[in-house]
Amino acid sequence: MEQYLVSATTSIGKAVNLFQNTDFYSKALELYSRSSRNELLLIGGATFFTFYNLVDYIKTRREKLNLPPRVGYAFPLLGHLPYIFYDSDRFLDWCSEKYGDIYDLNLGGSITTIATGRSAEEALKAPTDELSLKEGVLEDVLFMHYVIDPTTFEIGFEANPPVAKEVISPQKILTLTDRIIRGLNRGLDILTEDQDIYHTKNPNLFLQRWVAYMSVGSLVGEEVETNPVVIKSFADFTSDVTNNVGIFLSTPVVRQRREKMRQAEAVGVPHGLDSNFLQGLIEYKKPDGSSYTDEEVAQSVLLIAFASVHTTSMNLSFSLYWLLARPDLREELEKEMQEVLGDGPITNEGLTQMKFLDQFIREVLRQGVDKMANAKAVMKDVYTFANGYQVPKGRRVQSTNRQLNFNGLNANRSTVEEMDPRMSGNKTSTAPGRDFVTFGLGKHLCPGRFFAVHEIKMSLITLLRRFDVATASGKLPTPNRYLGGMIAQTSDDPLVFTKKK
């Protein structure tokens, strides 16, 4: 061992002496002497990330993978992020034109594979054991595994989809219309404090809570549709998950339903309980025949709140701000409301006849997607695309959803003035397509899309019937904003609700 250490020390010493005898050493020493601490940190960071990416590149080359082309002109440390921050539409469209359906970007030192066109469709449809959204987004981006246990993730990915297909199917949601409208009106009365003129400085939180009022009764049951504590736990899910689970468990809905089920089974009669999402999870049987515990069901229902309330309120916000940004679209929608519904109640038949409303929502959903979305982690040693390009394990694959929605170009209909609902033609707002990937594709198509669109339609009609809505500034808002040039965000302009006489 001592001989090995002496030999190693001698080798290191020779290497140091050799380096000191080079011209580069004297120049490096001079640079070090005159550089400030911040400059040295910047140089050190750039060197680290250069070597990091070099090692990754050499490793993948040694594995002899047919890697996607890597986009050039990356900045030290930041990679291609400056281009995305400055003009993501132009940059991503240029990448697609120059490199084709698949290429690699350096995003702050991390190499990410970007899939467009057919490759993006393939990534969206890929099995979860090959490309995983759970590892790619929920864990690596949202860090939800710190607040949600593995069993809840299991329920979310295994139990929720079949339950959703059963309890909020296109046929089932038609029976929920009156209950949703009840929640909408109750929520507006409470949230606006029944004032003639109501100001909200945080419109996104307002809409989250409003959506919670109309969703709780349908997803959980009539027992809690007026319970303010449960409704608040749905709306404020992300603020305190642990506390909200305790709140939900404090309402004995799950225990009471299990007891009714036991009593009905004992006498051999149907339990007669309402078929909703909560009931579906209570009755769900795992492959081994067992059921989930009360706490597991409670936490899973709150996970549904995150998936439904927050995404529905976000798309409702997009819809509302588009109407405020484009008064002509609002006028067209109000005209259709009067022609179809008049002063009568909202009905399923009436909603079916409102073609412009459906076209408008479809266009809003197309506009409101991320430009780089669905960061999926490669789960196997290598994922091979149909075009032959290969991506190593652990790499993130993102799809350019807005490009897909607009015929391969982010630049298409990218201004407020170009928004045109009639471009959807006869295509419905819940039917997926190669130009409409907002709800996913293939087996990963969102099963809750019918419920979400149904709620958004009734929300817009109810709001426009009861209030004149405007921005507090009186200016036309920007409906869509992009965080970092990539992630779609709603407007946060304060709103004023003026009650109609």
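**Group meeting: a walk through the predicted model**

Let me start with one residue, Leu-105, which, once residues up to four places away in sequence are set aside, touches Val-71, His-80, Ile-84, Phe-91, Leu-92, Cys-95, Ser-110, Ile-111, Thr-112, Ile-114 and Met-372. Please keep in mind throughout that this is a predicted model. Leu-105 sits in strand β1, which covers residues 102–107, and Leu-105 counts as buried because its relative accessibility is 0%, where buried means under 20%. There is also a pairing with Pro-68, which lies 37 residues away along the chain from Leu-105, while the C-alpha atoms of the two are separated by 9.9 Å.

Strand β1 comes up again when we turn to helix α5, residues 117–125, in which Ser-119, Ala-120, Glu-121, Ala-123 and Leu-124 are buried. The elements that cover these buried residues of α5 include β1, β2 (110–115), β3 (131–132), β5 (373–378), β8 (396–399) and α19 (401–405).

Stepping back to the whole chain, the secondary structure comes to 20 helices and twelve strands, and of the 501 residues, 48% are buried. Of the contacts in the chain with a separation of 6 or more, 72% are between residues 24 or more positions apart.

Now to the nonpolar interior. In soluble globular proteins, nonpolar side chains tend to be buried together. In this model the largest nonpolar core has 79 residues, and those with the most contacts inside it are Phe-234, Phe-277, Leu-281 and Phe-360. Helix α15, residues 294–325, gives the most to this core, namely twelve residues. Apart from that core lies another, of 15 residues, among them Ile-102, Leu-124, Leu-131 and Val-378; Leu-124 is one of the buried residues of α5 that I mentioned a moment ago.

Phe-360 takes us to a helix pair. Helix α16, residues 327–340, and helix α18, residues 355–367, have axes that come within 8 Å and cross at roughly 145°. On the α16 side the residues are Leu-329, Glu-332, Leu-333 and Glu-336, and they meet Lys-355, Phe-356, Leu-357 and Phe-360 in α18. By class, the residues of this contact are five nonpolar and three charged, with no polar ones.

What lies in helix α18 besides those contact residues? Asp-358 is found there, and Asp-358 is buried, since its relative accessible area is 12%, under the 20% cut-off. Leaving out neighbours within four places in sequence, Asp-358 is in contact with Lys-427, Thr-428, Ser-429 and Lys-457.

Asp-358 also belongs to the second largest pocket, which is lined by 20 residues, with Leu-351, Thr-352, Asp-358, Thr-428 and Lys-457 lying nearest its centre. About 480 Å³ of space lies in this pocket. Its lining draws at least two residues from each of α8 (170–173), α17 (348–353), α18 and α20 (449–466), and α20 gives the most, with four residues. Sorted by class, the lining has seven nonpolar, nine polar and four charged residues.

I will finish with two loop residues whose backbone you may want to look at on the screen. Tyr-73, in the loop between α3 (37–62) and α4 (81–99), has a phi near 65°, a positive value in a residue other than glycine, and Tyr-73 is exposed, with a relative accessible area of 61%. Asn-407, in the loop between α19 and α20, has a phi near 55°, which is likewise positive in a residue other than glycine, and Asn-407 counts as exposed at 63% relative accessibility.

Key. Residues are numbered from 1 along each chain as its sequence is written. This is a predicted model: local features need pLDDT of at least 70, side-chain atom pairs count only at pLDDT 80 or more; totals for chains, interfaces and linings use all residues. Side-chain values use heavy atoms; hydrogens and water are left out. Axes are lines fitted to C-alpha atoms, for helices over the stretch in contact, and angles run from 0 to 180 degrees between N-to-C directions. Contact means heavy atoms within 4.5 Å. Ala, Val, Leu, Ile, Met, Phe, Trp, Tyr, Cys and Pro count as nonpolar, Asp, Glu, Lys and Arg as charged, and the others, Gly among them, as polar. On a 1 Å grid over the protein atoms alone, a cavity is a set of points where a 1.4 Å probe fits but cannot get out, and a pocket is an open set with protein on both sides within 12 Å along at least five of seven lines; lining residues have an atom within 4 Å of a point. Grid points are joined across faces, edges and corners, and a volume is the space filled by probe spheres set on the points. A nonpolar core is a set of buried Ala, Val, Leu, Ile, Met, Phe, Trp, Tyr and Cys residues joined through side-chain atoms within 4.5 Å. Buried means under 20% relative accessible area, exposed over 50%, partly exposed in between (1.4 Å probe, protein chains only).
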